[in-house]
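Let's take a walk through this structure together, starting from a single side chain and widening the view step by step.

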Amino acid sequence: VCFSPAYYPPHCVGCDDGVIREGFTIPCERGRGRLLALLTTFFILASSPPIIIGVSLFFIYRAVVKLEQKIARYGVGSLR
């Protein structure tokens, strides 16, 4: 899993979150939401395969049912 490490620059030591020190443009809180990003990424990666498998199996089932309906017209009953 790829994530960005927390960024604690030396000029932010002792500052509150969101403070932009004089002469800088980036706030001092950058990178602290990595746990949320990591959990979100894990949830997306863990839930994607079952969803994809389920949808794929549904479409395969639907195609087989349609094919069986077509084939049923050519059975023994069509010869009588």
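Phe58 is partly exposed, because its relative accessible area is 48%, and the label covers values between buried (under 20%) and exposed (over 50%), taken with a 1.4 Å probe and protein chains only. This is a predicted model, in which local features need pLDDT of at least 70 and side-chain atom pairs count only at pLDDT 80 or more, while totals for chains, interfaces and linings use all residues. Residues are numbered from 1 along each chain as its sequence is written, and side-chain values use heavy atoms, with hydrogens and water left out.

Next to consider is the neighbour in sequence, Phe59, which counts as partly exposed at 44% relative accessibility. One aromatic pair is counted under a rule that takes rings of Phe, Tyr and Trp (its six-membered ring) with centres within 6.5 Å, calling planes under 30 degrees apart stacked, over 60 edge-to-face and the rest tilted. The ring centres of Phe58 and Phe59 lie 5.5 Å apart with planes at 65°, so this pair is edge-to-face.

Where along the chain does Phe58 sit? Its place is in helix 1, which covers residues 34–72; helices here are DSSP runs (H or I, at least four residues), strands are E runs of at least two, and numbering starts from the N terminus. The expected span is 1.5 Å times one less than the number of residues, so the 39 residues of helix 1 should span 57 Å, and the end C-alpha atoms are indeed 57 Å apart.

Now step back to the whole protein chain. There are one helix and zero strands in it, and buried residues make up 8% of its 80 residues.
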